[in-house]
Amino acid sequence: MILPIIGYGDPVLRKVGVDIDVNDPTLKETIANMYETMYNAHGVGLAAPQVGLPIRLFIIDTSPFSDDEDLPKEEQLQLASFKKTFINAKILKEEGEEWGFNEGCLSIPEVREDVYRHETVTIEYLDEEFNKKTEVYDGLIARVIQHEYDHIEGILFTDLISSLKKQLIKKKLSNIMEGKTRPDYKMKFAAPKKGS
């Protein structure tokens, strides 16, 4: 089922997610709905708060990045097959040089900014079978993980840009809060327009 994506300004996006009980009977369905929602919106990642659930869950499928000709062949291949569900994730380490990349977010449509993040990330999480994993990623995969992980910590990519850039996008952000943006996917806005 395609769920509405929660727009910028909704308090759920600022909550630190709670750990998921492994016996949660709705979890499999939630994960399936999140994948359907993400693909419908042409995203590469989606975190549970973005569909209104303040829990520690996010999903990633980086295959849309794999046709970027500027990337090394090896990274293109990695991106093509990287699809994972992260349950109760915890980033253990962020290392390496910080590098900039133009990021966007399904909860903040029509806003893109350069965000600087560490090159390498070590993450501990449970997979869909509740096997505990500790893995190290770098490059674009590490970046997408960091972006989605921020969501379950109540952080948005717009928090990581300069105050000058924040000033420049202020109007766009208030338009999102007021539901004055029309992406080609279903959204739920913080303050719906009167009469809608």
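**Exercise 1. Find how many aromatic pairs the structure holds, and follow the rings of F58, F86 and Y125.**

*Solution.* The structure, which is a predicted model, holds 6 aromatic pairs. One of them joins F58 and F86, whose rings are stacked, with 4.7 Å from centre to centre and 15° between the planes. Because F58 lies in strand β3 and F86 in strand β4, this pair ties together parts that are 28 residues apart in sequence. The next step starts again from F86, which also pairs with Y125, this time in a tilted arrangement with 4.4 Å between the centres and 50° between the planes. Here too distant parts of the chain are linked, since F86 belongs to strand β4 and Y125 to strand β5, 39 residues apart. Taken together, the ring pairs link F58, F86 and Y125 into a cluster.

**Exercise 2. Decide whether F86 and Y125 are buried or exposed.**

*Solution.* The cut-off needed here is that a residue is buried when its relative accessible area is under 20%. F86 has a relative accessibility of 0%, so F86 counts as buried. Y125 has 2%, and therefore Y125 counts as buried as well. F58, the stacking partner of F86, is likewise buried.

**Exercise 3. Describe helix α1, and state which strands its buried residues pack against.**

*Solution.* Helix α1 runs over residues 27-40, and its 14 residues reach 20 Å from the first C-alpha to the last, close to the 20 Å expected at 1.5 Å a residue. Its buried residues are L27, T30, I31, N33, M34, Y35, T37 and M38. In an α-helix, residues three or four places apart point the same way, because there are 3.6 residues a turn. The buried residues of α1 pack against β1 (5-6), β2 (45-47), β3 (57-61) and β4 (83-105). Just after the helix, H42 takes a positive phi of about 60°.

**Exercise 4. Identify which residues lie over the faces of Y35 and W99.**

*Solution.* Over the face of Y35 lies K83, at 4.7 Å from the ring centre, and Y35 is itself among the buried residues of α1. Over the face of W99 lies R143, at 4.2 Å from the ring centre.

**Exercise 5. Place E124 in the structure and list what it touches.**

*Solution.* E124 is found in strand β5, which covers residues 108-126. With a relative accessible area of 23%, E124 is partly exposed. Leaving aside residues up to four places away in sequence, E124 touches N88, A89, K90, L92, K132, K133 and T134. E124 and I87, 37 residues apart in sequence, are 9.2 Å apart in space, C-alpha to C-alpha.

Methods: Residues are numbered from 1 along each chain as its sequence is written. This is a predicted model: local features need pLDDT of at least 70, side-chain atom pairs count only at pLDDT 80 or more; totals for chains, interfaces and linings use all residues. Side-chain values use heavy atoms; hydrogens and water are left out. Helices (H or I, at least four residues) and strands (E, at least two) are DSSP runs, numbered from the N terminus. Buried means under 20% relative accessible area, exposed over 50%, partly exposed in between (1.4 Å probe, protein chains only). Contact means heavy atoms within 4.5 Å. The expected span of a helix is 1.5 Å times one less than its number of residues. Rings of Phe, Tyr and Trp (its six-membered ring) pair if their centres lie within 6.5 Å; planes under 30 degrees apart count as stacked, over 60 as edge-to-face and the rest as tilted. A charge sits over a ring if NZ of Lys or CZ of Arg is within 6 Å of the ring centre and within 35 degrees of the ring normal.
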